[in-house]
Amino acid sequence: MTDRKDPEGQGTPSGEEFVIELLDRAVSGMGGQSRTGQHEMARQVARAIETGDHLLVQAGTGTGKSLAYLIPLIAHALESEKPTLVSTATLALQTQIVGRDLPRLLKNITPALERPVKVALVKGRSNYVCRHKLEGGFPSEEPSEGQLFSLGEDTSVPHFAAAMGGPSSQLGKEVVRLREWAEETATGDRDELMPGVTDRAWRQVSVTSMECLGAQKCPLAAECFSELARQNAADADVVVTNHAMLAVSAFEGLAVLPEYDVVVVDEAHELQDRVTGAVSGQLSVAMVHAAASGARKHTGITVDALNNAASNLELAIAGVPSGLLPNGLNSEQLDCVDQLRDACRAALSDSKGDSSTSAVDGGRQLARSRLMVILELCERLLAARENREVVWFSRNSTFDPAQGYSRPDEDAPALINVAPLSVAGRLREGLFAEHTVILTSATLAIGSAFEPAAGGLGLVGPGAPSWTGVDVGSPFEYPKQGILYVAKHLPKPGRGMSPEALDELEKLIRASGGGALCLFSSRRAAEDAADALRARLDVSILCQGDSTMAALVRQFGDEPDTCLFGTMSLWQGVDVPGDSCRLVVIDRIPFPRPDDPLMTARSRAVAQSGGNGFMSVSATHAAIRLAQGAGRLIRTTTDKGVVAVLDSRLSTERYGGFLRAALPPFWPTTDPAVAVAALERLSQASTEAAK
């Protein structure tokens, strides 16, 4: 290991000590103070990189985990021939790391490094403007056609000439603005466009990876924003990407990321679900007809076989109920899928075009990409049982007020879905076998056990690679800063929110004088509770859907006595420190919906192998999300408040202890008088602080 640059001209320590030195330098430069947990995490990450063993590290809110893993990554990257990788669950965190965390960090540590650090950001192709599409390289399509392809984005493109002639629609105006922006931007990255545009407008100027002509065929490849981003990544020291890209790389073996030797997976509790979502597929009869129409229009081939196969499939799945197919498609349905596969193969062969010409044909590429989507789905459905993939029927949903959430419209056409029963094996082969992986999150262990999370990712069982699980703790004194109140006296939750639970919620908010983040299991429950309590309470109540999520969270944070009601999107990522969030209410334990086909299939598989399907799948899912929700309360060392769970099962059922083990160690109580008294004191303190 080479000596690093030292401001005073002397060689600096190597390995873990150098990492800690950089960490202290960075934190001091940012006006902070290094914490024990942050030091421990940085040492553990450095050690994992050195030994090659995988690491699961739980770092509570406030630990400063981004610095604790970025510094060891940077130290390693400066000596490695390959870049290091950071993968996040969301594009938002990806942007935060590249736009805020890394620039602040590098500003403070670069003087101590032997050379400057190169950073690159890599997203999927559809996040970048396609110059060829802007120049008319792809044909106009009916909007409804492109939207049928669940594995790709809508590629419908209006005639730009008409839009430029004086757009009167909002869509036309957005497209014109996008064209103007494309001439100015250096990256073509959608996140840099301010203000943003609708998804529909963005689809007019972007392509998916399957629709892309590729660097060898595209006449504008040298100017392609996506290609430039990938070239930058190949030359970078640290590459920041997301779990979906990681999944494509691991499952498909596609070169969407540069070769790397070490990866940190942030928000690792999301990895299994994000990877599953990225490799799931959906087939419909309408998709086939749309693909046939596009193939006829843009390649001139005969598509009778495709349309006949679609009609036969429509008859075979007509009237089937929505839900899991434990044994996959029946023989008649499989025959129809087999017929469709053969028709797709023939259409792809017929639509190749004249190989003697090098002319670029965006329409042909678009049509063939849609046929490829269908062909791959057919292959998966036919081999689903052999490959242990889950198959189910679904339909577009309508809202069911009795249940409080959307339910399938059984009169709508059926959709055939396919997803892997488990992503563990493929992650083991495609991710863990070839790289050193550090997985981190504030909610990665249940109690002191990392095995539930590790098992879903392929790190448990015969042939699993070695790994270490470490909890570096939190700087917060949870027993002194927060109370966990479980409303044990309330009836077991049923459909909708019970009158008793609504009364309890009113009592809690009245005691706290507002400042409540209320998390609900369904959108309808949140809306009903907001409507009911607006009439009962003299505090402002915001509800998800009233405005954009960013605007609602900002207003909630700015107004200490305002309440915010919402669903799952508020359970994670909301960071509102201070008096504005002194009460977090959770209406019920966030178990998966009982009709979730994938969760049902996974539970059955665990039970068939002799395990407890409910605890391994549903309870583990609920525990992690419950911890995420409760984690909204304490965000700094000075925050205080109450987490109130209105689901008595957390206290009365045998699995309650398992779920509570995943939560921060708040001071627990089931006495409503204790919770109310604490909230009244917090309300009074907030009022006095505002004077």
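Which residues form one aromatic cluster with Tyr478? I looked that up before anything else: the cluster joins Phe476, Tyr478 and Phe666. A note to self before going on: this is a predicted model.

**Entry: aromatic pairs**

I asked for the count and got 7 aromatic pairs in the structure. I picked out tryptophan 181 and tryptophan 202, whose rings sit 6.2 Å apart centre to centre with 55° between the planes, a tilted pair. Tryptophan 181 belongs to helix H8 (residues 170–182) and tryptophan 202 to helix H9 (residues 199–203), so I noted a link between distant parts of the chain, 21 residues apart. Then I checked how much of each is accessible. Tryptophan 181 comes out at 11% relative accessibility, which means buried. Tryptophan 202 is buried as well, at 1%.

Next I went to phenylalanine 520 and phenylalanine 565. Their ring centres are 5.4 Å apart and the planes make 40°, so I wrote this pair down as tilted. Phenylalanine 520 is in the loop between strand E15 (516–519) and helix H21 (523–536), while phenylalanine 565 is in strand E17 (residues 563–566), so the pair ties together parts 45 residues apart in sequence. I found both phenylalanine 520 and phenylalanine 565 buried.

**Entry: H1 against H2**

How do H1 and H2 pack? I read an angle of about 140°, with the axes 9 Å apart. The two helices are therefore oblique to each other, since the roughly antiparallel class needs an angle over 145 degrees. The crossing of H1 and H2 is right-handed. I also listed who meets whom: on the H1 side I have Glu16, Glu17, Val19, Ile20, Leu23, Asp24 and Val27. Across from them, in H2, are Gln38, His39, Ala42, Arg43, Ala46 and Arg47.

Two names on that list turned up again when I looked at charges. Glutamate 16 and arginine 43 meet in a salt bridge through their side chains, 3.5 Å from N to O. Glutamate 16 lies in helix H1 (residues 15–29) and arginine 43 in helix H2 (residues 36–51), so this pair ties together parts that are 27 residues apart in sequence. Glutamate 16 is partly exposed at 24% relative accessible area, and arginine 43 is partly exposed too, at 22%.

**Entry: more salt bridges**

I counted on the program here: the structure holds 31 salt bridges. Another one I opened is between the side chains of glutamate 259 and lysine 82, at 4.0 Å from N to O. This pair links distant parts of the chain, 177 residues apart. I placed glutamate 259 in the loop between helix H11 (243–252) and strand E5 (262–265), and lysine 82 in the loop between helix H3 (65–77) and strand E2 (84–88). Glutamate 259 is exposed, at 62% relative accessibility, whereas lysine 82 is partly exposed, at 35%.

Where do lysine 507 and glutamate 504 lie? I found them in helix H20 (residues 499–512); being 3 residues apart, they are separated by about one helical turn. Their salt bridge has its closest N and O atoms 3.7 Å apart. Is glutamate 504 buried or exposed? I have glutamate 504 as buried, because its relative accessibility is 3%. Lysine 507 is partly exposed, at 39%.

Last lookup: I followed salt bridges that share partners, and they join Asp338, Arg341, Asp342, Arg345 and Glu379 into one network.

Definitions and conventions:
Residues are numbered from 1 along each chain as its sequence is written. This is a predicted model: local features need pLDDT of at least 70, side-chain atom pairs count only at pLDDT 80 or more; totals for chains, interfaces and linings use all residues. Side-chain values use heavy atoms; hydrogens and water are left out. Helices (H or I, at least four residues) and strands (E, at least two) are DSSP runs, numbered from the N terminus. Buried means under 20% relative accessible area, exposed over 50%, partly exposed in between (1.4 Å probe, protein chains only). Rings of Phe, Tyr and Trp (its six-membered ring) pair if their centres lie within 6.5 Å; planes under 30 degrees apart count as stacked, over 60 as edge-to-face and the rest as tilted. Axes are lines fitted to C-alpha atoms, for helices over the stretch in contact, and angles run from 0 to 180 degrees between N-to-C directions. Angles under 35 degrees count as roughly parallel, over 145 as roughly antiparallel, 65 to 115 as roughly perpendicular and the rest as oblique. A crossing is left-handed if the near helix is turned anticlockwise from the far one by less than a right angle, and right-handed if clockwise. Contact means heavy atoms within 4.5 Å.
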